[in-house]
Amino acid sequence: MCQLLGLNCAQPTDANFSFTGFSRRGGGTDHHADGWGIAFFEGKGLRLFVDHQSAAQSPMAAFLRQYPLKSTNTIAHVRKATVGTVKLENAHPFSRELWGRHWVFAHNGDLKDYHPHLHGHFRPVGDTDSERAFCWLMQELAKSHAGVPTVQELTLTLRELVPQVARHGSFNFLLSNGEALWAHCSTHLHYLVRQPPFASATLMDEDWTVNFADCTQPGDRVAVVVTAPLTRDERWTAFAPGELKVFVDGQAVCEAGQ
């Protein structure tokens, strides 16, 4: 299985602390060594980095641990291959365009015998069940809305679509269009919200402690979603199986139980 990391923020926020701890799980402190990737939005623009090497060994990951990863929406992934070979086109996150915006998706799980009917614009490049699921979601969202829908409308549509994929197996995923972050849990997913009054946090996978009170502003707020808790001294909340949450401006604005 793979692991997921997502950040949704009220203001552009440095993701280096979270990414550093998370990327250690890609072949360092854990066995998810079959590729990795990170995508982060800058306005409507998107920076996407993927690699078939392990995050612990990848020079690109080492570079990004020193890069100012400032964004309001970030999705990262470390892969343990179950469906699809270890190669660059199978590294998450995946990206597609819809309604003039970038969409980014990463999946943790295993979908059995999942071969949806795909047509038109959305086709997989690699051979993973994850990318097939993403293409199908994009296809069905495009069919369901004639124009650009609101976050609430998108959430309602996803609430109808997600169970059709999840019945094929484990479907933990993160999805973002740069405006919101959707997170769905089949098995394991956790989240927290950092907001005033800010406190210190220490990574599980790296000897690094940050006092967020020293590097934040009063209006800052950050929602962090991850497969397994990243820090040892913060209170993480587990998703319920089948739960879909959407985060905007660093907080959960809607919940949709499956």
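A salt bridge is taken here as a side-chain nitrogen of Lys or Arg within 4 Å of a carboxyl oxygen of Asp or Glu. The side chains of Glu-42 and Arg-47 meet this criterion, with an N to O distance of 2.8 Å. The structure is a predicted model, and ten salt bridges are found in it. Both members of the first pair are intermediate in accessibility: Glu-42 counts as partly exposed because its relative accessibility is 36%, and Arg-47 counts as partly exposed at 35%.

A second salt bridge links the side chains of Lys-112 and Asp-110, at 3.0 Å from N to O. The two partners fall into separate accessibility classes. Lys-112, with a relative accessibility of 53%, counts as exposed, whereas Asp-110 is buried, with a relative accessible area of 15%.

A third salt bridge is formed by Glu-234 and Arg-194, whose closest N and O atoms are 2.8 Å apart. Glu-234 lies in the loop between strand S12 (222-226) and strand S13 (237-238), and Arg-194 belongs to strand S9, so this pair ties together parts that are 40 residues apart in sequence. Arg-194 is buried, since its relative accessible area of 9% is under the 20% limit. In addition, Lys-87, Glu-89 and Asp-127 are joined into one network by salt bridges that share partners.

Nonpolar packing was examined next. In soluble globular proteins, nonpolar side chains tend to be buried together. The largest nonpolar core in the model comprises 29 residues, and those with the most contacts inside it are Trp-103, Phe-171, Leu-175 and Trp-182. Two or more residues of this core come from each of strand S5 (94-98), strand S6 (101-108), helix H3 (129-144), helix H4 (151-166), strand S7 (172-176) and strand S14 (243-248). The greatest contribution to the core is that of H3, which gives seven residues.

The surroundings of Trp-103 were listed without residues up to four places away in sequence. On this basis, Trp-103 touches Phe-94, Ser-95, Arg-96, Leu-98, Phe-134, Met-138, Leu-141, Leu-154, Leu-175, Ser-176, Asn-177 and Trp-182. Two of these, Leu-175 and Trp-182, are named with Trp-103 among the residues with the most contacts inside the core. A second core, separate from the one described above, has 21 residues, including Leu-5, Ala-15, Leu-64 and Leu-69.

The largest pocket has a volume of about 390 Å³. Its lining consists of 20 residues, and Thr-13, Asp-14, Phe-212, Cys-215 and Thr-216 are those that lie nearest the pocket centre. Strand S1 (3-14) and helix H1 (16-23) are the elements that give two or more residues to this lining. S1 provides the most, with five residues. Divided by class, the lining contains ten nonpolar, six polar and four charged residues.

Helix H1 is mostly covered, as eight of its eight residues are buried. The buried residues of H1 are Asn-16, Phe-17, Ser-18, Phe-19, Thr-20, Gly-21, Phe-22 and Ser-23.

Backbone geometry was considered last. Most residues other than glycine have a negative phi, and most peptide bonds are trans. Departures from both tendencies occur in the model, among them two cis peptide bonds that precede proline. The peptide bond from His-92 to Pro-93 is cis, with omega near 0°. Pro-93 is placed in the loop between strand S4 (70-78) and S5. Pro-196 and Pro-197 are likewise joined by a cis peptide bond, with omega about -5°. Pro-197 is situated in the loop between strand S9 (190-194) and strand S10 (200-202).

Positive phi values are found at two aspartates, among other features of the loops. Asp-113 is not a glycine, yet its phi is positive, at about 50°. This residue is in the loop between S6 and H3, and Asp-113 counts as exposed because its relative accessibility is 70%. Asp-249, also not a glycine, has a positive phi of about 55°. The loop between S14 and strand S15 (251-257) holds Asp-249, and with a relative accessibility of 40% Asp-249 counts as partly exposed.

Technical notes
Residues numbered from 1 in each chain as written. Predicted model: local features only at pLDDT ≥ 70, side-chain atom pairs only at ≥ 80, totals over all residues. Heavy atoms only, no water. Core = buried A, V, L, I, M, F, W, Y, C linked by side-chain atoms within 4.5 Å. Buried < 20%, exposed > 50% of the residue type's maximum accessible area, 1.4 Å probe, protein only. Helix = DSSP H or I, 4+ residues; strand = E, 2+ residues; numbered from the N terminus. Contact = heavy atoms within 4.5 Å. 1 Å grid on protein atoms, 1.4 Å probe; cavity = no way out; pocket = protein on both sides within 12 Å on 5 of 7 lines; lining within 4 Å. Points joined across faces, edges and corners; volume = space filled by probe spheres on them. Nonpolar A, V, L, I, M, F, W, Y, C, P; charged D, E, K, R; others polar.
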